[in-house]
Amino acid sequence: MTQVHTAATGQGSPAVDDEGPRSAGGSRPGPWKRGPVLTACALLLGLLLLLHGKLTDWAGLGSLVETFLPWFGLFVPLLLAAALRRRSASAVVALLLPAVAWVSLFGGLLGDKSHAGSDLTVVSHNVAAENRDPAGTARELAASGADLLALEELTDQAKGTYEKELAKAYPHHTVQGTVGLWSKLPLSGTRPVDVLRGMVGPLAKKLRPEDIPVDPPRALRTTVTTKQGPLAVYVAHLGSVRVMPRGGFWTDSRDAGATKLAKAVAAERSERVLVLGDFNGTVDDRALDGLSSQLRSVQDLAGDGFGFSWPAKFPVARIDQILVRGVEPKSAWLLPATGSDHRPVAAGISW
């Protein structure tokens, strides 16, 4: 009778090689040959971070990726853990590419760049049409002590409440359609700005031009009189974006509005310009290139961290912006959540 002997493992079962399959000759693959899939994923992640601007925008893909671009850095430690477990030297080295790319893009946002003192404090907040406590929101915003308070998504029903609650702290204000500016300083030269919401999108393509409804203004321009001279202020609420099952990431309305707003800012003659509002996009989004090429983000220059503002319960993107030209950002921060689905954004600026 033939006896079969197995190697002792302490449990009476054959030993298992946890370092991957052996080659045909019986030897294990070296550390530089292990984890080819992990290595490829690391290189692709690095290229995505470096060349995101070259990514196709078919179905809004490029814009969607750029909206959440900082979060792609989370894949670096995940891939690193997998590479170490696989003992893949090639994957570990390949991960240097996305790690360096992410740091070059966002490393400057990790520290606190704020400085004490400012000549003017400004706040921008999408108060949300569905806000159930506009009076409470108004009181919280007034308590910030901001000199300028820009509000977006004002409804006809809530407009009177904000005007009443903010009247004492802000003797000057203007409302154009669904956006408004409350100020402790005099305002002049106020006018609506066309950011082209109603003439784009699937509905507009099906209607005759004369049948397309005229939306209320979603942006304004005014001049604030300060001790240091006039300051041109724009308040804007660009069109919404949507993830559509067949159409992908739909951004037509937002993109058209961003183009119109960028043209208005380019034609602005004032030396000092402040642009606030809900842009439904981050400064990394290619759709805002026309604005970001002319203006500077206060969060990038004087903030602490990424300053994510939406959604309020667990912010993942900064789509509420404060951009400047001709003035110096001193600090940027977030205010506590209100009854809105956005967090208020604030900044201190100086001349």
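Contact means heavy atoms within 4.5 Å. This is a predicted model: local features need pLDDT of at least 70, side-chain atom pairs count only at pLDDT 80 or more, and totals for chains, interfaces and linings use all residues. Residues are numbered from 1 along each chain as its sequence is written, and side-chain values use heavy atoms, with hydrogens and water left out.

**Exercise 1. The core around L148**

Find which residues L148 is in contact with, leaving aside neighbours within four places in sequence.

*Solution.*
- Start with L120, T121, V122 and V123, which are among the contacts of L148.
- Add L181, W182 and S183.
- Finish with V224, L231, V233 and L274.
- Now place L148 in a core. A nonpolar core is a set of buried Ala, Val, Leu, Ile, Met, Phe, Trp, Tyr and Cys residues joined through side-chain atoms within 4.5 Å. Buried means under 20% relative accessible area, exposed over 50%, partly exposed in between (1.4 Å probe, protein chains only).
- The largest such core has 21 residues, and L148, V233 and L274 touch the most other members.
- Strands including β1, β2 and β4 (179–183) each supply at least two residues of this core. Strands (E, at least two residues) and helices (H or I, at least four) are DSSP runs, numbered from the N terminus.
- A second, separate core has 19 residues, including L261 and V265.

**Exercise 2. The faces of α1**

Work out which residues of α1 are buried and which exposed residues sit on the face turned away from them.

*Solution.*
- Helix α1 covers residues 36–50 and reaches 21 Å from its first C-alpha to its last.
- The buried set is L38, T39, A42, L45, G46 and L49.
- Seen down the axis, these buried residues fall within an arc of 125 degrees, so they line one face of α1. The arc is that of the directions from the helix axis to the C-beta atoms.
- An α-helix has 3.6 residues a turn, so residues three or four places apart point the same way.
- The buried residues pack against α3 (75–86), α4 (89–94) and α5 (96–106).
- P36, V37 and L44 are exposed on the face turned away.

**Exercise 3. Backbone exceptions**

Locate the cis peptide bond, then describe the positive phi values of A128 and E153.

*Solution.*
- Most residues other than glycine have a negative phi, and most peptide bonds are trans.
- The cis bond joins W310 and P311, with omega about -15 degrees. P311 lies in the loop between α11 (298–302) and β12 (320–325).
- A128 has phi near 75 degrees. Its loop runs between β1 (120–126) and α6 (134–142). A128 is buried, at 6% relative accessibility.
- E153 has phi of about 65 degrees. Its loop runs between β2 (148–152) and α7 (156–166). E153 is partly exposed, at 21%.

Methods
The expected span of a helix is 1.5 Å times one less than its number of residues.
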